[in-house]
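Student: Hi, I have a new structure to look at today. Could you walk me through it?

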Amino acid sequence: MNSSLDGLRREVRELCRAWREAGRYRPRPDAWLRSFDLAFSKELAERGWLGMTWPRSVGGGERSNLARLVLTEELLRAGAPVAAHWIGDRQIGPAVLRYGSERLQQEVLPGIAAAEHVFCLGMSEPDAGSDLAAVRTTATRVPGGWRIDGRKIWTSHAHRATHAYLLARSEKSEVKHAGLTEFVLDMDSPGVSVSPIVDMAGSHHFNEVVFENVFVPEHRVIGTVGDGWKQVTEQLSYERGGPERVLSTYPVLAELLEVADDGLLEEVGELVARLGTLRALCVRVAEAMDAGEAPVQAAATLKYLGTAFERDVLECARRATGSGVVDPGSALGEAILASPGFGIRGGSSEVLLSILAKQEARR
Amino acid sequence: MSTENSLITRVAADVLSGVDPEAPADALHPVWPTLVELGWPQVGVPEERGGAGGSLHDLVELVAATAASGVSVPLLEVAVSRWVLGAELADAPLVVTTTGLEAVPWARHASHVLVRPEREPAFLAERGALEVVPGENLAGEPRDAVRVTGATTALPDAPSHEEVLARAALLKAAALLGAARGAYRHTREHVTQREQFGRPLVALKPVASSLAEMRVHLVATEAAVARAARGHEEDPDRALAATAAAKVTAARTATSVARAAHQLHGAMGVTREHPLHHVTRKLWAWRDESGTERSWSARLGRAALTGGEAALWDHLTA
Ligand SMILES: Cc1cc2nc3c(=O)[nH]c(=O)nc-3n(C[C@H](O)[C@H](O)[C@H](O)COP(=O)(O)OP(=O)(O)OC[C@H]3O[C@@H](n4cnc5c(N)ncnc54)[C@H](O)[C@@H]3O)c2cc1C
C-alpha cells in the first residue's frame, strides 16, 4: 500500500474509534445494511469520503477505487453505521456517472457526496426476484416525462430515502430484456407509498413501495430509454464487487480471535486464508474499476465466494461458544439471524453461479 | 423406525394443525395446556410409574411433530422431568429439568426446577427458592440464568447426570428432526408454488437438487434418532454413544437444512410474517443445546481413539 492510502486508513480508524469511544455507535455485523445514521454519513461527507472517486465537478474527490476500498474496508471492519449512504455512494452514483446526462449528474451526485440524498434501490418486485428482467412496473410517456405505476419490494431503507433508483418497463416487448428503462425519482413525489416489512429478527430495514400515477420528469431517465437491462447488469457489478460481500460478519471474526481455543486452530487458519484471498479479489475489482471497466464476472465471483465465507465465520464462532446458547442480541446472534440474507440479496448464489456457467459454456 | 407417516405423527399433526406458532410474549403458548391434557409429557414413561405408557419412539415422534409445527412449548423439558420423577409432583404446574444453571429452559414459567448437575447431587427447587435472570436462545425461547437462594429438596434416586443428559439430547435430536421436517415442508411448498423464469422454481435443476439434499439429511437423521431411541430402550450401555451420533447428525442436518430452506425461499423467507423462521431459528438454537455439536463429536472421537478399531466396530454393529 502506498503512503497516501496508509494515511487515509489511519484517519478512518481514528474517526471510527472516536465515535465508538464517545458512545455514538455500537459496532455491529451487517452494519452496511442495518446501521443507519445520517450524522455519521455527513461526517464522512465532510471529509470528502463520499463519492470520493467521482470528478470534482460533481462533488467528488477524484481518488482511486483503491482508495475507496481502503475507506470501505476500514468502515466495515469497525462495524460503523454506514447504511445511509451505502447504496448511493456504491452504485447509484457510479451508474449515473456512467450513463446519466450532464444535468442528471449535477442534480444527483453532489447531493450523494454531501450525504443529503439518501438512495434506495427499486429493482425487485413480487414477481421479479432472480428473474429481474420480468419487472412489471410500467413507465408510460406523458408530456414532459413519464408516469410510473407498479410495485417494488424488499426496498432497503425506502422509508428513509429521499430518492429512489427505479427499473421499469417502458415498452411492451416480446423479449423481456428489451424495453426496460432506469429512472431516478423523488420519494416525496405524489403517488409513492411505502409500507414496512419486518424481518425475522424483528427489525425494519426493507419495505414494499407502491407507485400510483407517479410523474417523473424526462431528464430523470438514466442513460438510454430501452437500454435498462444492459445498464443495470453493469450496475450490479458495483453492487456485488465490494468488500461488504466479505466483511458483513467481520465483527464476529474479531471476537472469535479473542475466544477461540486451540481446537479451532485449523478452522480459524482456513478462514484467514480465505479472507486473504477474498481481499485480493476486492483489490482486483477495484483496479478493474480504476481501469474504467465494469467487472461483471469478477464481481459475481467475489460475491459468490465472499458470502460463503461470511457464513462460515459464523459456523466457526458458534463452535467457540462453550455453553451452546447464543444470545440473539450478541454480535454472533445478530449475525446468525441476518445470515440467510447474505447469499440472497444482490443476487442469489445459484443465480451468480448460473451467470458464470453461461460464460463457461460460451467459451 | 420413526417416520414422518407413522400413526402417532399423524395424530400429533392433527392436534397441531392450524395452530399459530406465534405466541404472546412472556406467556406459555396457548396450545400447551392441550398437550398436557393429552398426556404427551408422560408418554414413554411406564404406566406403573405414573406415566402414560407408550414407547420412547412415540415420545420422539410427538416431540418431532411439535417442533415441526413451529410452536415453542416445554414438552421436552417436562418429559424428562416426568421420566425422572414418575408420579411424584404429578400435579405441579410445570417441572422442568436442567443439567446446569446457566441457561435453564423455561425457568421463568416453571413451578419447579429439577437440577441434575455434573458434579453435585441432584435436587429439586421450587420457583420461590430461585433467582431468575431472563435470557433467551436464537428461537426466542426462555433460557434463564438461575441462582438458588432458598431451600431445595435432595433427589438421591435421580438418574446420573449422563443419563439425564442423554435423554435430553435424544429428545433434542428428535426436536431437530421435527424442525428440519417443518423447514423441508415449507420449502417444498414454496418452490412448487413460486414461479420465476416462467416456471415453478422446482423446475430449475439446482433448486430440485437442493430439495433432494434436504430430503437426504432428513432420511439420515430419522435413522440416527431411531437407532438412539432403540439404544435407550434396549441397551443403556449403548445409549450414550448412539445418542451422541444422533445429536451430531441432527445438528449437522440443522445447519444444512436451515441454509437450504432459506436459500430456496429467497427474501420471502427472512420476513417475520413468513412462518419459516419459526422452525429455522429453532434449528440454529437447538443444534448446540443439550450438549454442543462439538462436545458430542469430541466425546465420540475420544471414545474411538481410546477404545481402538475393534471396540469401534463392535459398537457400530451391536
Ligand atoms: C436483506 C435483503 C435486502 C434486499 N434489499 C433489496 C433492495 O434494497 N432493493 C431491491 O430491489 N431488492 C432487494 N432485495 C431483494 C433481492 O435482490 C432478491 O431477494 C433476490 O434477487 C432474489 O429474489 P427472490 O427473493 O424473489 O428469490 P427467488 O427469485 O424467488 O429465488 C429463490 C431461490 O430460488 C433459487 N433460484 C432462483 N432462480 C434460480 C436460477 N436461475 N438458478 C438456480 N436457482 C435459482 C435460488 O436458490 C434463490 O435463492 C433484498 C433482499 C434481501 C434478502
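**Domains, ligand and empty space**

Tutor: Happy to! In chain B, residues 165–284 carry the UniProt annotation "domain: Acyl-CoA dehydrogenase/oxidase C-terminal", from an unreviewed entry. UniProt positions are given here in the numbering used for this model, feature names are shortened, and annotations may be inferred rather than shown by experiment.

Student: Before we go on, what kind of model is this, and how are residues numbered?

Tutor: This is a predicted model, where local features need pLDDT of at least 70, side-chain atom pairs count only at pLDDT 80 or more, and totals for chains, interfaces and linings use all residues. Residues are numbered from 1 along each chain as its sequence is written, chains are lettered from A and ligands numbered from 1 in the order in which they are written, and side-chain values use heavy atoms, with hydrogens and water left out.

Student: Back to residues 165–284 of chain B: how much is helix and how much strand?

Tutor: That span is 82% helix and 3% strand, with its end C-alpha atoms 19 Å apart. Helices (H or I, at least four residues) and strands (E, at least two) are DSSP runs, numbered from the N terminus.

Student: Which domains does UniProt list for chain A?

Tutor: From unreviewed entries, "domain: Acyl-CoA dehydrogenase/oxidase N-terminal" is listed for residues 11–116 of chain A, and "domain: Acyl-CoA oxidase/dehydrogenase middle" for residues 120–214 of chain A. The annotation "domain: Acyl-CoA dehydrogenase/oxidase C-terminal" covers residues 261–359 of chain A.

Student: And what are those made of, helix or strand?

Tutor: Residues 11–116 of chain A are 62% helix and 0% strand, whereas residues 120–214 of chain A are 0% helix and 52% strand. Residues 261–359 of chain A are 70% helix and 0% strand, with end C-alpha atoms 43 Å apart.

Student: New topic: where does the ligand lie?

Tutor: The ligand lies between chains A and B. It is surrounded by 28 residues, and the closest are Ser130(A), Trp154(A), Ser348(A), Arg194(B) and Gln263(B). A residue counts as near if one of its heavy atoms lies within 4 Å.

Student: What polar contacts does the ligand have?

Tutor: A polar contact is a pair of N or O atoms within 3.5 Å; within protein, one must be able to donate a hydrogen and the other to accept it, and residues adjacent in sequence count only if both atoms are side-chain atoms. Among them, a polar side-chain atom of Ser130(A) is 2.6 Å from a ligand oxygen, and a side-chain N or O atom of Glu350(A) is 3.0 Å from a ligand oxygen. From chain B, a backbone N or O atom of Gln263(B) is 2.6 Å from a ligand oxygen.

Student: How much of the ligand is buried?

Tutor: The protein buries 93% of the 970 Å² that the ligand exposes when taken alone. Accessible areas come from the Shrake-Rupley method with a 1.4 Å probe; for residues, only the protein chains shown count as cover.

Student: Which elements give two or more residues to that shell?

Tutor: Chain A gives strand S7 (204–217) and helix H12 (349–362), and chain B gives helix H6 (205–234) and helix H7 (236–265).

Student: And how many residues of the shell are nonpolar, polar or charged?

Tutor: The shell has 14 nonpolar, 11 polar and 3 charged residues. Here Ala, Val, Leu, Ile, Met, Phe, Trp, Tyr, Cys and Pro count as nonpolar, Asp, Glu, Lys and Arg as charged, and the others, Gly among them, as polar.
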